[in-house]
Amino acid sequence: MINNLLNKTVAILGLGKTGMAVARELKCRGVHVIGWDEKEELRAEAQKLQVVVQDLRFVDFSKVKLLIISPGIPHTYPAPHPVAQLAKDNGVPIISDIELFISTYKDAKYIGITGTNGKSTTTALIYHILKENGVPCAIGGNFGIPVFDLPILGSDGYYVLEMSSYQIDITPSLDFDIAALLNITPDHLSRHNGMDGYVAVKKQIFTRKTKKDVVNVVAVDDNYTKKIFKEICEEQTKSKNIPVSFSKKLDGGYYVNSKGVLIDNTKNEKKEILDLSELQNLRGKHNWQNIAVAFAVAKKTGLSTAKIIDAIKNFATLEHRIENVGTFAGVQFIDDSKATNAESVKYAIDSMKDIYWIIGGRQKEGGISILEPQLGDGNIKRVFTIGECEKDFYNTTKKVLPSYKCHKLEKAVFKAFKLAIKDLKKGKVEKPVILLSPATASFDQYKSFEARGDHFKQLYKDIVAKYQKKFG
């Protein structure tokens, strides 16, 4: 596609990491680039690249060939951004950087992973398996690395791309050689005009434009994904459609039995692959689904079972996803800042006990209603609420558990530590865990979930420094 843009004008809305990576590529290819971002510092960076910085609301879009938009900017629901509407009014295609990349580098192979929860871990695990076994590969997309910052791979290489619903929505040429769907729970509903729209966008990862010999891997553990798998089996009869489950036995697919053992039943022969309950680096039943999907994908790249298992065993946990920060004075600190919705938090709570739970931020659809049954199951000892939705979460949790309004993360961490030490001395808990698993977006107090997690880690260091002499 880029080859057809020589001397043409392309507009870029959003000049963060992704927008700047596209701008650099287009400028090198002789494309005229105009860009805009609300943040002055990003506009200044773009000007250093000799990008024409101009408020796109006042651009003549009849002379614009493409609009490349940041995935976080709405182009349909709940209301289109004025620039997106201007592009539509002038018949200008609105696409993502991934659309431009896939349409340009057609020789490489692409693996796409989506789902409401677990997609970052699964994407990282697939990439790790391939890399450990010497397969040319690169990881990017929603994972945090813009595709135009990735190396150019040949026909033997795999681009392993995490795909958010926002990105799928503006990437019509989703020519994935292997596409995987993990799960679907309510999220981003206003952006997709409700649950039906959200489910429909997730299903689009299985859309193919040109490739024929393709693989679809679907974890059929919820009603939405189960329905999608049935539909693609009917619609894509020439594709290799592989079901995966971490909760029930499957014929013709991969599943995890009640003991945590991954079973290959693709040929209805029940071959035991790996005991997932023994993996300390990927603990928790939620990771059983991630591993099963990653294994199914890796097998379809041609790797042997033994090589895949070896790679899984030495995989390191993702930063900010049930990450062990450290243990001090008998209290463990876990950074799960990446858990930005209640479903993701549910998995964290299920994987540990004696929890001192820090929760809150900018609330998402549904809040923490699905977690209410877990509040009284004994795993959680105390709750510390922070952020914009503090009042709502406090009112919900205080009915069942000792809860404390802290507003700021610093106060929550220090208060949780003091109470954990107190309970430990009284024998009320054995191995207390201070868990930052917010179930919310971070944007009320932090620029990203990474920044929130980094602050939590720093607070752990502050506690160690402050109490080192006392607990030595």
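Helices are DSSP runs of H or I with at least four residues, numbered from the N terminus. In this predicted model, helix 3 is the run from residue 82 to residue 89, and Gly 91, which comes after helix 3, has a positive phi near 70 degrees. Helix 3 makes a friendly starting point for a walk through the structure. Its buried residues are Val 83, Ala 84 and Ala 87. These residues sit on the same side of helix 3, because they cover an arc of only 100 degrees around the axis. The elements that cover them include strand 1, strand 4 and strand 5, the last of these spanning residues 94-95.

Strand 1 and strand 4 turn up again around an enclosed space. The count of cavities of 30 Å³ or more comes to two, and the second largest holds about 40 Å³ of space. Its lining is made up of Ile 12, Leu 13, Gly 14, Thr 18, Gly 19, Ile 68, Ile 69 and Ser 70. At least two of these lining residues come from each of strand 1 (9-13), helix 1 (17-28) and strand 4 (66-69). By residue type, the lining divides into four nonpolar, four polar and no charged residues.

The largest cavity has a volume of about 60 Å³. Around this space lie Asn 117, Gly 118, Thr 121, Asn 183, His 286, Gln 289, Asn 290, Arg 321 and Tyr 347. Helix 9, which runs over residues 285-299, gives the most to this lining, with three residues. Here the division is one nonpolar, seven polar and one charged residue.

Attention now turns from the cavities to the nonpolar cores. In soluble globular proteins, nonpolar side chains tend to be buried together. The largest nonpolar core of this model has 54 residues, and those touching the most other members are Leu 26, Leu 100, Tyr 110, Phe 148, Tyr 159 and Leu 161. Helix 1 gives the most to this core, with five residues. Another core, of 46 residues, lies apart from the largest one and has Val 160, Leu 182, Leu 274 and Val 297 among its members. Returning to the largest core, Tyr 159 offers a closer view of one member. Beyond residues up to four places away in sequence, Tyr 159 touches Phe 101, Ala 108, Lys 109, Tyr 110, Ile 111, Ala 138, Leu 150, Pro 151, Ile 152 and Leu 153.

Two loop residues round off the picture. Phe 143 belongs to the loop between strand 7 (137-141) and strand 8 (158-162). Is Phe 143 buried, partly exposed or exposed? With a relative accessible area of 27%, Phe 143 is partly exposed. The C-alpha atoms of Phe 143 and Val 160 are separated by 9.6 Å, and these residues are 17 residues apart along the chain. Once neighbours within four places in sequence are set aside, the contacts of Phe 143 are Ser 120, Thr 123, Ala 124, Glu 162 and Leu 318.

Thr 340 is found in the loop between strand 16 (331-335) and helix 11 (342-350). Thr 340 counts as buried because its relative accessibility is 18%, and buried means under 20%. Apart from residues up to four places away in sequence, Thr 340 touches Lys 364, Ala 439, Thr 440, Ala 441, Phe 449 and Arg 452.

Terms used
Residues numbered from 1 in each chain as written. Predicted model: local features only at pLDDT ≥ 70, side-chain atom pairs only at ≥ 80, totals over all residues. Heavy atoms only, no water. 1 Å grid on protein atoms, 1.4 Å probe; cavity = no way out; pocket = protein on both sides within 12 Å on 5 of 7 lines; lining within 4 Å. Points joined across faces, edges and corners; volume = space filled by probe spheres on them. Nonpolar A, V, L, I, M, F, W, Y, C, P; charged D, E, K, R; others polar. Core = buried A, V, L, I, M, F, W, Y, C linked by side-chain atoms within 4.5 Å. Buried < 20%, exposed > 50% of the residue type's maximum accessible area, 1.4 Å probe, protein only. Contact = heavy atoms within 4.5 Å. Arc of directions from axis to C-beta.
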